[in-house]
Every structure is written in structure tokens, then in C-alpha cells.
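Grab a pencil and work through these exercises with the structure open beside you. Try each task before you read its solution.

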Amino acid sequence: MWALGQEIFFISHIYPLVKEKCSKIVLCDISKEMLEYCRKHFHVSDKLDYKLFDIAEKSGPPKELEGQFDHVTSMLVLHWVSDYRQSLKNFYQLLRPKGGDCILSFFFDNHVFHTCNHLGSSPKWFQYTQGKGQFHLEFLNSKDPITDFCNMMTAEGFQNVEVKMKPVVYNYGNKENFKENMISVLHIFDFLTKAQQDEFFDEFVDHLAQLAAKKLGTSPQNSKYCICIDLVVAYGQKPCVIE
């Protein structure tokens, strides 16, 4: 099972490696539009199936998917949900009773999320957002997020858990390229006029540059259009359940 988020990467890099080993691959997403887009543009094999599914659904996975998978993979999805524990519980329930494993990649920290939350809650922009579109930062106040996430996975039943974190800097080079890549995460744009969007984006760029400069030990001008991220890859196994 593959939780969507980076469908092009999956088709170009992951699928060629697993296509001979897997009898079926199920792609899941919370967005019906995303699934239809993938079905239309990336349906490279009849082994691929598509399911509408919220990984943080409190009632658990769809019954037809529960306990059906040897492997569950989620790329750049978990940082979009507000309930990590429920998501991990659902990942665990998707794996077969005889056991399986799960690999996750997501952001512990992302300056884009901090900046959106900071600007969106300011008096100037809050009048438009009313607090909507805020990002959930699960480990914002954690002194040891790696250990905390390891404990979270273990508490949901995973064994042989490994969590690794790597600081990453993305440099988009110029305003046009940067805006093209940021537009999908700037939810506040839904509440603003075109002129307001341009004004917000200028403030967004400036605030991000200040955060990057502080992180990288350079000037805001040199770190303009840069994003600093703590990227995490986590792995865990579900043990065989003998009834």
C-alpha cells in the first residue's frame, strides 16, 4: 500500500523496483481529485488500484483494506494530519495479522508551516483566515522528537522501530519558481483577493528568509527563496499475531 503525496516519484523511482515483487499495489489519498488524476496520468499497470482514504480516520481503515498488506509506505503525508497516533494505529491495522512493515517519510519541522501559522494568526491576516488553514506542528515543543516518535510508534504496536532525521535545505532560486512550488500549500490564498495574495506572498518570502538566515548563519538576502526542513524517515514492523 502506498499513501500518496509524491505520485510522480512513486511511478518513476519506486514502482520499477517493486513491480515484479508485488501482486497488487493500492494507492490511497484523501483527495478524490488526486486519485482521479493519478488514475488518468500514472496508471502504468493493472496491478495498481486506487482507494479514497483518510489515514487519520478515527473509525480506522476501510474494512476491505484492514489486514490486507505486507508493506505500507507513506511519503510526505504524515505532517499534513493533526492526529499522529490515530494515523499510526491505522497504518498498523492495514498490515496483515501474520506481520508486515511500514516505512514513513515526513517533516518534523518545516519553515513554511511556521511562516504560514505566524502570518495567518497576525491581526493583519487573521481577519481573513479566522484561524483556518493552520498547520499542526506535532513536535514543536519536543526536546527529543526522534525519541518521542519512536515511543509513539512502539505504543501503537510496532517493533524494531528506527527513526532517522536529516536537515534539508531547498533553494528555489527565484520568486517565480518559488511561488509555483508554494502555491499549493498557501491555503490562506483561498480567503484573499489577487492583490492581497501578492502582498501576503511578499511577507511570506521575507519571513521565510529571516528564518533560513538564522538557521544557516547567513543574511536574509542570501537565504531568500530557501526553505529549511527536518526530514524524517521512520521504519517499524508489525509482529506476527498468532491466534
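**Exercise 1.** In which helix is the place of M182? Then work out whether M182 is buried or exposed, and list its contacts.

*Solution.* Keep in mind that you're looking at a predicted model.
- Step 1: find M182 in the structure, and you land in helix α7.
- Step 2: check the accessibility. Buried means under 20% relative accessible area. M182 has a relative accessibility of 5%, so M182 counts as buried.
- Step 3: look for partners, skipping neighbours within four places in sequence. M182 is in contact with V112, Y172, F201, F204 and I227.
- Step 4: pick one of these partners, V112. V112 and M182 sit 70 residues apart in sequence, yet their C-alpha atoms are 8.6 Å apart in space.

**Exercise 2.** Find helix α8 and compare its reach with the expected one. Which of its residues are buried, and what do they pack against?

*Solution.*
- Step 1: α8 covers residues 194-216, which is 23 residues.
- Step 2: from first C-alpha to last, α8 reaches 32 Å, close to the 33 Å expected at 1.5 Å a residue.
- Step 3: now pick out the buried residues. Among them are F200, F201, F204, V205, L208 and A212.
- Step 4: look at what lies against the buried residues of α8: you should find α4, α5, α7 and β7.
- Step 5: go just past the end of α8, where G217 has a positive phi of about 70°.

**Exercise 3.** Where do the buried residues of α6 fall when you look down the axis of the helix?

*Solution.*
- Step 1: mark the buried ones, namely P145, F149, C150, M152 and M153.
- Step 2: look down the axis of α6. Its buried residues fall within an arc of 160°, so they line one face of the helix.
- Step 3: see what covers them. The cover includes α3, β5, β6 and β7.
- Step 4: check what follows α6. You'll meet G157, with a positive phi near 110°.

**Exercise 4.** How many residues are in the largest nonpolar core, and which element gives the largest share?

*Solution.*
- Step 1: the largest nonpolar core has 30 residues, and L78, Y84, F91 and F149 are among those with the most contacts inside it.
- Step 2: β2, α3, β5, α6 and β7 are the elements that give two or more residues each.
- Step 3: α3 gives the largest share, with 5 residues.
- Step 4: zoom in on F91. Beyond four places in sequence, F91 touches I55, V72, S74, L78, C102, L104 and F158.
- Step 5: don't stop there, since a second, separate core has 26 residues, including M75, V185, F201 and F204.

Methods: Residues are numbered from 1 along each chain as its sequence is written. This is a predicted model: local features need pLDDT of at least 70, side-chain atom pairs count only at pLDDT 80 or more; totals for chains, interfaces and linings use all residues. Side-chain values use heavy atoms; hydrogens and water are left out. A nonpolar core is a set of buried Ala, Val, Leu, Ile, Met, Phe, Trp, Tyr and Cys residues joined through side-chain atoms within 4.5 Å. Buried means under 20% relative accessible area, exposed over 50%, partly exposed in between (1.4 Å probe, protein chains only). Helices (H or I, at least four residues) and strands (E, at least two) are DSSP runs, numbered from the N terminus. Contact means heavy atoms within 4.5 Å. The arc is that of the directions from the helix axis to the C-beta atoms. The expected span of a helix is 1.5 Å times one less than its number of residues.
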